[in-house]
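This report concerns a protein model and the ligand placed in it. The ligand surroundings are treated first, followed by the nonpolar cores and one loop residue.

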Amino acid sequence: MKICELFGQGRTVFSCEIFPPKKTSPVDSIYRTLDGLKDIRFDFISVTYGAGGSAVVNQTTQEIVSIVQNQYHIPAMAHLTCVGAGKAEADAIMEQLKADGVENILALRGDINPEYPPKTDFAHASDLVTYIREHGDFGISAACYPEGHLESPDLVSDIRWLKAKVDAGAQHLVSQLFFDNEDFFRFLERCRIAGIEVPIEAGIMPVLGKSSIQRMVSLCGASIPRRLARLLARYGEDPKALREAAVAYAIEQISDLIAGGVDGIHLYTMNNPGVAHAIADAIPSIRRF
Ligand code: FAD
């Protein structure tokens, strides 16, 4: 099933992201993650793509999406990046995905990892979107940034390039994490005014550690509203208290987004099924909207 077909069915799509466990993790850890997530009944699961492949991870993105799709019977979406894959790699990956019955790709530019020289066949995600559209029969998704991409001079040019990415063939967008819903609602309105009509899922990341969120925020440019800064200042050194506060914060964000008519919620699980459950189990009725 193509991801874009999940939308417009009268309820909010609920999806999540996982990442391939590093070589230092136990080899079965992806199964533990997926066993923990399967009862949440996500509409689809996406799997991130990093440089280095099987040299750095237990299972590659392609191997995990195949497990999600064929062993857990959950629609899967493989991330793929321009910096990590040139045309030859993209061809090989598309062939493998097709053979495994995986029908969806999230096309990204990727961030440069100094340890791995970037591939240069595709400069922007829109180039990869075009290539996938022309060389395979995949549902194609792409990323978007409610507060603007860090490299963008302003939101207007960011939305202009986003429109170009959708015009190139992206059928569905997943947003970067954000902590202030007003940023997302404003962004959504601007997208619709700009003629971007595809479903846009809101990316939600529960804050699981003070230092990890500071690192994440510096990498992706999301801002921390005062309300969240207060929680971090008060509970940041107490993991249990912070977890409770973070789950409550994410639940409130999600219920407000769904009330505001968002197309979908994409939960960045950080491979932590316990937190994903705590959130999903608190909103069974809200999820029906
Ligand atoms: P693009 O769409 O190419 O945009 C990058 C910048 O270039 C933007 O500032 C944009 O405005 C500008 N731009 C776009 N097109 C043009 C053009 N034609 N001319 C001039 N400027 C242009 N990274 C990974 O490495 N692996 C992952 O698995 C991964 N998953 C992600 C999932 C989500 C949902 C999100 C939001 C991000 C993810 N990232 C991942 C991070 C992402 O790769 C980075 O944010 C990267 O810096 C930008 O990727 P993009 O696909 O949005 O790039």
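In this predicted model, 22 residues surround the ligand, and those that come nearest are Tyr49, Asp111, Tyr145, Asp158 and Lys165. By residue class, the shell around the ligand comprises 9 nonpolar, 8 polar and 5 charged residues.

Several secondary-structure elements contribute to this shell. At least two residues each are supplied by strand E3 (76–81), strand E4 (104–108), helix H5 (155–168) and strand E6 (172–177). The element that gives the most is H5, with 3 residues.

Polar atoms of the protein also lie beside nitrogen and oxygen atoms of the ligand, as the following table sets out.

| Residue | Protein atom | Ligand atom | Distance |
|---|---|---|---|
| Histidine 124 | polar side-chain atom | nitrogen | 3.4 Å |
| Alanine 125 | polar backbone atom | oxygen | 2.9 Å |
| Serine 152 | N or O atom in the side chain | oxygen | 3.2 Å |

On its own, the ligand has 970 Å² of accessible area, of which the protein covers 85%.

The nonpolar interior is considered next. The largest nonpolar core contains 67 residues, and the members that touch the most other members are Leu80, Ile132, Leu173, Ile196, Ile200 and Ile265. Helix H9 (residues 239–259) provides the largest share of this core, 5 residues.

Which residues are in contact with isoleucine 196, leaving aside its neighbours within four places in sequence? They are Ile159, Leu162, Lys163, Val166, Leu173 and Cys191. Of these, Leu173 is named, together with Ile196 itself, among the core members that touch the most others. A second core, separate from the largest one, has 24 residues, including Leu108, Leu177, Met205 and Leu242.

The last topic is a single loop position. Asparagine 271 is located in the loop between strand E8 (264–268) and helix H10 (273–280). Is this asparagine 271 buried or exposed? Asparagine 271 has a relative accessible area of 15%, and it is classed as buried because the cut-off for that class is under 20%.

A polar atom of the side chain of asparagine 271 lies 2.9 Å from the backbone oxygen of phenylalanine 19. Leaving aside neighbours within four places in sequence, the residues in contact with asparagine 271 are Ile18, Phe19, Pro21 and Thr33. Phenylalanine 19 thus appears both in the polar pair and in the list of contacts.

Terms used: Residues are numbered from 1 along each chain as its sequence is written. This is a predicted model: local features need pLDDT of at least 70, side-chain atom pairs count only at pLDDT 80 or more; totals for chains, interfaces and linings use all residues. Side-chain values use heavy atoms; hydrogens and water are left out. A residue is near a molecule or strand if one of its heavy atoms lies within 4 Å of it. A polar contact is a pair of N or O atoms within 3.5 Å; within protein, one must be able to donate a hydrogen and the other to accept it, and residues adjacent in sequence count only if both atoms are side-chain atoms. Accessible areas come from the Shrake-Rupley method with a 1.4 Å probe; for residues, only the protein chains shown count as cover. Helices (H or I, at least four residues) and strands (E, at least two) are DSSP runs, numbered from the N terminus. Ala, Val, Leu, Ile, Met, Phe, Trp, Tyr, Cys and Pro count as nonpolar, Asp, Glu, Lys and Arg as charged, and the others, Gly among them, as polar. A nonpolar core is a set of buried Ala, Val, Leu, Ile, Met, Phe, Trp, Tyr and Cys residues joined through side-chain atoms within 4.5 Å. Buried means under 20% relative accessible area, exposed over 50%, partly exposed in between (1.4 Å probe, protein chains only). Contact means heavy atoms within 4.5 Å.
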